[in-house]
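Please work through the following exercises with the sequence and the structure at hand.

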Amino acid sequence: MSQRRRMLLGLLGLLLALLLGGTLRPAQGAGDTDGGVATCRMGVFIEDLRDFRFADKSLFASLRVWSVCPSDGLTPLADLEIRNANEINIGEVKTHLEPNHSRSFPGKPKLYWSEVGVTGTFYYPWSAQNFPFDRHHLRFEIVPRGVSRAGFLVTPDYQSSGFNARISSGDWIASNFMLNEESLEQGSSFGNPSMTSAHGEGVSTITASIELRRARITSFLKMSAGVYAAVVISAMAFFMDPREPDLVSGRTGLCVGCLFAAIVNMQQAESTLGISEDVTLTDQIHIIAILYILISTVLAIVSYLRCEQDQADRARHLDRHYYLPIFASTYLVTNGVIIAYAVLVG
């Protein structure tokens with residue numbers, strides 16, 4: 001090969017190396033800077049959930065939050081904020097320099113692991129609309145204030161995050177735990193002169209969410225037993241003989257007693273679940289029961305009017321063979337529909 005050809009090939013190789021030099025760079029590991037954005041791996045473990053107060057729209061929670069950072073200059077746990085907290089106690093942040101045996105931050109022999117415990121009451125808009133088949137999605141939005149608002153991105157620790165299995169050992173079943181990184185738009189710079197925008201800058205946050213559903217329906221059965229008994233007793237009024245002279249006073253008196261029992265039972269249910277602007281499943285059950293008891297009362301008056309027209313036998317036949325089957329079947333179907341809907345919607 002001539003010397004001129006060797007020189008030409010050498011120049012082409014040098015040009016190719018220069019062109020590819022800007023793109024063929026060593027891959028950066030998770031947690032290193034990516035385009036100037038620093039990151040730490042953060043995780044959340046829900047240790048306890050209890051003291052659910054529907055009327056106060058609150059609950060008690062105990063959380064364990066940790067971070068794994070490539071340098072001691074990143075301290076996301078130094079100043080934590082949980083946006084839906086009412087009153088919380090944040091423990092002391094403990095930081096340790098640990099050897100790196102994970103897949104994160106390759107090339108870093110040691111990492112800064114920090115953890116902190118958080119306990120307190122949190123706000124949650126409880127809704128008993130579909131009680132006892134209600135499902136609730138609790139969220140804990142954790143904002144790491146210990147780092148700069150710009151130039152930092154949270155990397156969720158999916159593998160180690162989760163919840164304590166003992167949460168499901170009581171009246172509730174916990175499931176569908178999720179951990180996500182979300183950008184919080186503050187909407188204001190709060191007068192900070194270092195920010196160029198009056199609307200502030202987005203903050204990288206980590207959000208832990210979990211779903212709760214009831215483990216049993218015992219309380220619902222206790223709450224509804226009285227109203228169902230009132231409807232059954234009002235249905236027995238159709239068996240009363242319309243030819244009795246005290247039919248109106250006896251039959252309507254029975255229905256009025258059932259109506260009073262249904263209203264009292266409804267008030268007790270509201271005191272247990274808390275007064276809500278929503279029409280809950282228990283409200284629907286009581287309202288339907290009151291409506292059917294009123295219908296039974298109206299039909300008692302209709303039977304009395306027939307007896308005055310010497311149609312006592314006809315009134316008795318209609319009560320037992322038409323009114324009662326229609327009354328019972330439509331009531332059962334109506335209750336079945338609203339309960340099935342509550343089960344599906346949750």
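Three exercises follow, each with a worked solution.

The model is predicted: local features need pLDDT of at least 70, side-chain atom pairs count only at pLDDT 80 or more, and totals for chains, interfaces and linings use all residues. Residues are numbered from 1 along each chain as its sequence is written, and side-chain values use heavy atoms, with hydrogens and water left out.

**Exercise 1.** Determine how the axes of helix α4 and helix α5 are arranged.

Solution. Helices are DSSP runs (H or I, at least four residues), numbered from the N terminus. Helix α4 covers residues 281-308 and helix α5 residues 312-345. Their axes, lines fitted to C-alpha atoms over the stretch in contact, with angles from 0 to 180 degrees between N-to-C directions, come within 11 Å and cross at roughly 170 degrees. The two helices are therefore roughly antiparallel (an angle over 145 degrees).

**Exercise 2.** Classify I285 as buried or exposed, and state its C-alpha separation from T334.

Solution. I285 belongs to helix α4. Its relative accessibility is 0%, so I285 is buried (under 20% relative accessible area, with a 1.4 Å probe and protein chains only). Between the C-alpha atoms of I285 and T334 there are 9.2 Å, although 49 residues separate the two along the chain.

**Exercise 3.** Identify the peptide bond geometry between F131 and P132, and the sign of phi at F105.

Solution. Most residues other than glycine have a negative phi, and most peptide bonds are trans. F131 and P132 are joined by a cis peptide bond, with omega about 5 degrees. For F105, phi is positive, near 50 degrees. F105 is also buried, at a relative accessible area of 1%.

How values were computed. Angles under 35 degrees count as roughly parallel, over 145 as roughly antiparallel, 65 to 115 as roughly perpendicular and the rest as oblique. Buried means under 20% relative accessible area, exposed over 50%, partly exposed in between (1.4 Å probe, protein chains only).
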